[in-house]
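Please take a moment to look over the sequence and the structure before reading on. The explanation is meant to be followed with both in view.

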Amino acid sequence: MTDCPNGGGRAWSKRLLAGLVFLGLGAALSGCQSIRYYKQAIRGEYQILAHREPIQKLISDSRISLELKAKFKLILRLREFAAKDLRLPVDGQYLRYVDLHRRYVVWNVHAAPEFSLEPKTWWYPFVGSLKYRGYFSESDARQYAEKLKRGGWEIYVEGVEAYSTLGWFKDPILNTFISEPEPDLAEILFHELAHQRVFISGDTDFNEAFATTVGEEGARRWLAAKSEADMDKLYVAALQRNEQFVQLIMAAREELNLLYRETSSTENPGAPQSHLRTKVEIARLKQKKEEVIAQLRAKYAELQDHWGGLGSYARWFAKPLNNAQLNTVAAYYDLVPGFRAMLRKDGGNLEKFYEEVRVLGKLKKAERRRRVAQQARSAPPVLSPGMGHGG
């Protein structure tokens, strides 16, 4: 490989857990940008793997704080629960620890056109096309995002606490998520392990919605098994706030989607938008888009008041909202109602649920999405997330 010349709250981050495999080992790559990207990915993953320490050894280390030791012991119990009660493939995962000395393990770059909710996608070996590009360095992620921005894309960079290598490596516990409250920590582990149970190449929305459903349901069952009624009540309240937040975002996306479709109905869909609209049309579209986003902010302010001032998503709304950022919510939650309905229909039987999801994964992307969405439309409404386990 030769060198290339130049030119060639519940904090929202807890809900944005990536299931991305970064490594393109053995892949035939072309283009300087691809080579540089995979070099940083391989280097970043290697640094994590090289610094793993067994948590059993750390539990006996007098230099480790009692709080961190308690977290390690909790992880061990969560692993056992995941294997026995959730039927998830633990297989040596999360038995080692790495302190990365940074807030996030990776930073994902999302991009979308100014007047479209169709996200930009990237192709990766083994996992296919995904809706984000991950970097182990925040500066690298933001540098790449700025390049996309100069090319006319709307961009959003998010820090991510955890990701799964889908069983290619034994994923360690990271300092980026070990300090989370017990229900959130349980959800993180179950979410990432769910990616190893079912993963469909090239379908970000399907994979993340499935893992989100398993993570939330698993956390509820964990709390129920421990008879942690108070903790479960707080967790359910957080899930309900998240549900209301998601509904706000999805409603705004629907308004924007309708706006973009109406203004592009006579255009050639294969041509760049900037070449198809006059300056007057672009100005009018920008104004209407800004109005939708302003209404979204106002509705969130009302929702926050309803929550008694809890600013669970204040940091998310502090950013200049755009299509790329709104898309991140859809990627994780658009199909969740359908997966929840499937699990209820299966009577909470996870093995039946996993098998049904696996069978859906064999279908074409559009058909599997249609079937999952149909499950939500045909299912009776529920008052709160969860399948009836844990109150």
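What follows is a walk through a predicted model, beginning with a sheet and ending with the nonpolar cores.

A good place to begin is the open sheet of three strands, which are arranged in the order β6-β3-β7 with antiparallel pairing. Its edge strands, β6 (133-135) and β7 (154-160), each pair on one side only, and neighbouring strands of the sheet are turned against each other by 25 degrees on average, when direction is ignored. Strand β3, covering residues 106-112, is joined to β6 by three bridges in the antiparallel sense, and Tyr135 in β6 is the bridge partner of Trp107. Across β3, β6 and β7 lies helix α4 (residues 138-150), which runs at about 10 degrees to β3.

Aromatic rings are a second theme, and a search of the whole structure finds 25 aromatic pairs. In one of them, the ring centres of Phe245 and Trp316 are 5.2 Å apart and the ring planes stand at 90 degrees, so this pair is edge-to-face, the term used for planes over 60 degrees apart. Because Phe245 belongs to helix α8 (residues 229-263) and Trp316 to helix α10 (residues 314-317), the pair ties together parts that are 71 residues apart in sequence. Are these two residues buried or exposed? Residues under 20% relative accessible area are called buried; Phe245 counts as buried because its relative accessibility is 0%, and Trp316 counts as buried because its value is 3%.

Elsewhere, ring pairs link Tyr37, Tyr38, Trp122, Tyr124, Tyr135 and Tyr144 into a cluster. Two of the rings in this cluster also have a charge over them: the charged end of Arg133 sits over the ring of Tyr37, 3.7 Å from its centre, and the charged end of Arg133 also sits over the ring of Tyr144, 5.5 Å from that ring's centre.

The last step leads to the nonpolar cores. The largest nonpolar core has 88 residues, of which Phe190, Trp316, Phe339 and Phe353 touch the most other members, and the largest share of this core, ten residues, comes from α8. If neighbours within four places in sequence are left aside, Phe339 is in contact with Phe206, Ala209, Phe210, Thr213, Phe353, Val357 and Val372. Apart from this core lies another one, of 19 residues, which includes Tyr104, Trp122, Leu148 and Ile155. Trp122 therefore appears in two parts of this account, since that residue is a member of the aromatic cluster and also of the core of 19 residues.

Key. Residues are numbered from 1 along each chain as its sequence is written. This is a predicted model: local features need pLDDT of at least 70, side-chain atom pairs count only at pLDDT 80 or more; totals for chains, interfaces and linings use all residues. Side-chain values use heavy atoms; hydrogens and water are left out. Rings of Phe, Tyr and Trp (its six-membered ring) pair if their centres lie within 6.5 Å; planes under 30 degrees apart count as stacked, over 60 as edge-to-face and the rest as tilted. Helices (H or I, at least four residues) and strands (E, at least two) are DSSP runs, numbered from the N terminus. Buried means under 20% relative accessible area, exposed over 50%, partly exposed in between (1.4 Å probe, protein chains only). A charge sits over a ring if NZ of Lys or CZ of Arg is within 6 Å of the ring centre and within 35 degrees of the ring normal. Two strands pair if DSSP finds at least two bridges between them. Axes are lines fitted to C-alpha atoms, for helices over the stretch in contact, and angles run from 0 to 180 degrees between N-to-C directions. Contact means heavy atoms within 4.5 Å. A nonpolar core is a set of buried Ala, Val, Leu, Ile, Met, Phe, Trp, Tyr and Cys residues joined through side-chain atoms within 4.5 Å.
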